[in-house]
Amino acid sequence: MSKSKSVILRVQSAEGTKRIDVFPSDTVSKLFEKIHDAFELRSFNFGLYKQRNQKEEVISSRSKTVQTVGLKHGDMLYLSPLNGAVLWDSPSTSSASNDFAPEPMDVTPSTSKGPQMQQTLITSSKPPTPAVEDEVDQQLWKINEKIQRKRDEKFCRHGTNACCVHCSPLEPFDESYLKEQNIKHMSFHSYLRKLTAGVDRGKFLQLEDINCRIKSGCKDHPPWPRGVCSKCQPNAITLNRQPYRHVDNVMFENANLVERFLNYWRITGHQRIGYLYGRYEKHSDVPLGIRTVVAAIYEPPQESTRDSITLLPDDREILVDQLAQSLNLKKVGWIFTDLIADDVKKGTVKHVRNIESHFLSAQECIMAGHIQNKLPNPCRFSPSGYFGSKAVTICVTGDERNQVHMEGYQVTYQCMALVRDGCLVPTKDAPELGYVKESTDKQYVPDVYYKEKDSYGNEVSRLARPLPVEYLLVDVPASTPLTPQYTFYANDNINPFPVENRLIDGQFQEFNSLSNYMQQFRSDQFLEAISDFHLLIFIASMDTLPLKDHMSPLLEAIRTNDRQKANEWASSEHWATVEQLISASSAGPSTHNSMYSPDPPNPASNASGVEIGPGPPDNAGAEQALWTCSHCTFLNPAEINTCDMCSLPR
């Protein structure tokens, strides 16, 4: 083949497919250069493969030519980043990464009087770094799980050691079995087994995220809004009900976790948001299922009312994630309340979320999609390394019996794409309806449709303006186990350490609250005392003496339940300094010289909810209503030992 006749090679990437015009005598190195220029890549840190599954790699060489490596006219090559390299300046269309912008946005409250989430979403220009699949995913991939069936006495005509079509094992995605067992959605791994069960065994399977943006770099026309073509224009989207779910069950380790979270609503009547931290494990009730086990709830800074919640900037977000990671925990979702008291004497709440109103509002679906985009699910069948998310949404609300209960949800991967690309917004006066934005000169939005039956029973397509949010939801059961589990220490006879970011009386995290908390434990109970997620966050981020750089041995001791190692850390100079600071901040004749109780705790709880711990100083009798701070002369209530104004001890 002469050099005068060029050949065209097709190169497919996460940003689309391009045609590269080369000569057979061109070196492979020159081919790489042309691909680099055609795709406008940031670096040469990419590989070329003849097969989609990244096999038969074409190695860059200055000695080998296009013809010698076996490339012919019309061949397809597959471009893939190496070691998670970022090749494009613009966001990858297959990326599922979003960053949290702490600035709130105004949202008109819903008529359902449920909490309206207020949060601005921005899109990161950097795709997530490909990560190793979660341990539970690797475990499930090694299992060749099938649904075993017993011999059917009615239809089987063979011996006990044989099998037939009536008793042979079923695949985990068998629809008749799932329907018989009342399993509404198959597990994600069952879904993957279904996709890889064909003749090709999933050789060409690729799970790609939906692209709602115009592909950049098209040179056939001016950029949007002056021009657009079929090559760079995103396809129209038809919303389908998702047949699978990434998580099949959410289990809170014990009821104390949720009760501690709900105490804020019981005290103030205001709604509350928290982030869930836990782990994933195999769920035996669903074939190849995954269960989320929640071990702790972190409450970020927020402002809330009876009907709304606004998240504020959180300086400790990264610290909390690192702390959880050291304890073999990770962020697994979020929880919020939508509770309105019905009868205070009976302890009932109103039932506001039902099939006649809504299960999640459009604003809550957008918030859930944003969090799921922040926590993408590593997947081996995705070109970007991620597909969907295991993050869950838990809504604490009233049920049909007017009792407090939890409802779990996830939003579909289609909803994640709409949220990621800024296409979905809530409606002003109908919480059960979302709205897909119309294209503007700044943003092109593809048409989005959903299908429903008309008055004649025919299935028709409707434009998603507006959009019923049930097309975006997948429900996930949530509960607590019959036998409680405890990653962190819990005791009903111990007054727990205050939860972070609660700006209410008796809930502040300060040295005085740390002293009162520690005095409930004996000196040989340091492991039990320190095994509290909220306490660990506090001592890691104390203003006076943050210990985050010295807590690795302590976190390892808590993770492995090693009492000796915890006691060794308690004897270190870092904790000794904290003890001295706490002793210095304590005042009054009734204060112990040691921060620990000399005897086992003997709490005296009563109906009025008196807190456990050392009582008020002797000079703070009932007849003394106020005391004057000697430092700033501020008048303080008699029951506190630290000045509300200057935070100095009494």
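These legends go with a set of close-up views of a predicted model.

**Figure 1. The whole chain, before we zoom in.** Here is the setting for the close-ups: a chain of 650 residues, of which 47% count as buried. Its secondary structure comes to 14 helices and 32 strands. If you take the contacts with a separation of 6 or more, residues 24 or more positions apart account for 67% of them.

**Figure 2. Strand E1 and its two partners.** Strand E1 covers residues 7-13, and its side chains alternate between two faces. Val7, Leu9, Val11 and Ser13 point to one face and are buried, while Ile8, Arg10 and Gln12 point to the other and are not. Strand E2 (residues 16-22) pairs with E1 in the antiparallel sense, over 7 bridges. The two strands make a hairpin with 2 residues between them, and you can find Val11 opposite Lys18 of E2. Strand E5 (residues 76-81) is joined to E1 by 3 bridges, and these two run parallel. For a landmark in that pairing, look for Arg10, which stands opposite Met76 in E5.

**Figure 3. Gln372, a buried glutamine in helix H7.** Gln372 sits in helix H7, which spans residues 362-374. Its relative accessible area is 1%, so Gln372 is buried. Setting aside neighbours within four places in sequence, Gln372 is in contact with Ser389, Ala391, Gln410, Val411 and Met416. Ala391 is 19 residues away along the chain, yet its C-alpha atom and that of Gln372 are separated by 5.4 Å.

**Figure 4. The second largest cavity, with Gln372 in its lining.** Rolling a probe the size of a water molecule over the atoms shows where empty space is left. In this model the count comes to 3 cavities of 30 Å³ or more, and the second largest has a volume of about 50 Å³. Its lining is made up of Gln242, His246, Gln372, Gly388, Ser389, Gln410, Val411, Thr412, Tyr413, Met416 and Val474. Strand E21 (386-389), strand E23 (404-411) and helix H8 (413-420) each supply at least two of these residues. By residue type, the lining divides into 4 nonpolar and 7 polar residues, with no charged ones.

**Figure 5. Gln271, a loop residue that is buried.** You will find Gln271 in the loop between helix H5 (255-268) and strand E13 (273-283). Gln271 has a relative accessibility of 0%, so this loop residue counts as buried. Its side chain reaches the backbone oxygen of Leu339 at 2.9 Å.

**Figure 6. A three-stranded sheet and a cis proline.** An open sheet of 3 strands appears here, in the order E24-E25-E28, with antiparallel pairing. Strand E24 (424-426) and strand E28 (467-468) stand at the edges with a single partner strand each, so one side of each is left without a neighbour in the sheet. Strand E25 (residues 433-436) is joined to E28 by 2 bridges, and the bridge partner of Gly434 is Leu467. Pro466 belongs to the loop between strand E27 (459-463) and E28. The peptide bond from Arg465 to Pro466 is cis, with omega near 5°.

**Figure 7. Two loop residues with positive phi.** Most residues other than glycine have a negative phi, and most peptide bonds are trans. The view picks out Gln54, with phi near 60°, and Asn402, also with phi near 60°. Gln54 is in the loop between strand E3 (46-49) and strand E4 (57-58), and it is partly exposed, with a relative accessible area of 45%. Asn402 is in the loop between strand E22 (392-398) and E23. With a relative accessible area of 24%, Asn402 is partly exposed.

**Figure 8. Helix H11 and the aspartate at its start.** Helix H11 covers residues 533-540, and 8 of its 8 residues are buried, so the helix is largely enclosed by the rest of the structure. The buried residues are Phe533, His534, Leu535, Leu536, Ile537, Phe538, Ile539 and Ala540. At the start of H11, look for Asp532: one of its side-chain oxygens reaches to within 2.9 Å of the backbone nitrogen of His534.

Definitions and conventions:
Residues numbered from 1 in each chain as written. Predicted model: local features only at pLDDT ≥ 70, side-chain atom pairs only at ≥ 80, totals over all residues. Heavy atoms only, no water. Helix = DSSP H or I, 4+ residues; strand = E, 2+ residues; numbered from the N terminus. Buried < 20%, exposed > 50% of the residue type's maximum accessible area, 1.4 Å probe, protein only. Contact = heavy atoms within 4.5 Å. 1 Å grid on protein atoms, 1.4 Å probe; cavity = no way out; pocket = protein on both sides within 12 Å on 5 of 7 lines; lining within 4 Å. Points joined across faces, edges and corners; volume = space filled by probe spheres on them. Nonpolar A, V, L, I, M, F, W, Y, C, P; charged D, E, K, R; others polar. Polar contact = N/O pair within 3.5 Å; in protein donor to acceptor, adjacent residues only side chain to side chain. Pairing = 2+ DSSP bridges.
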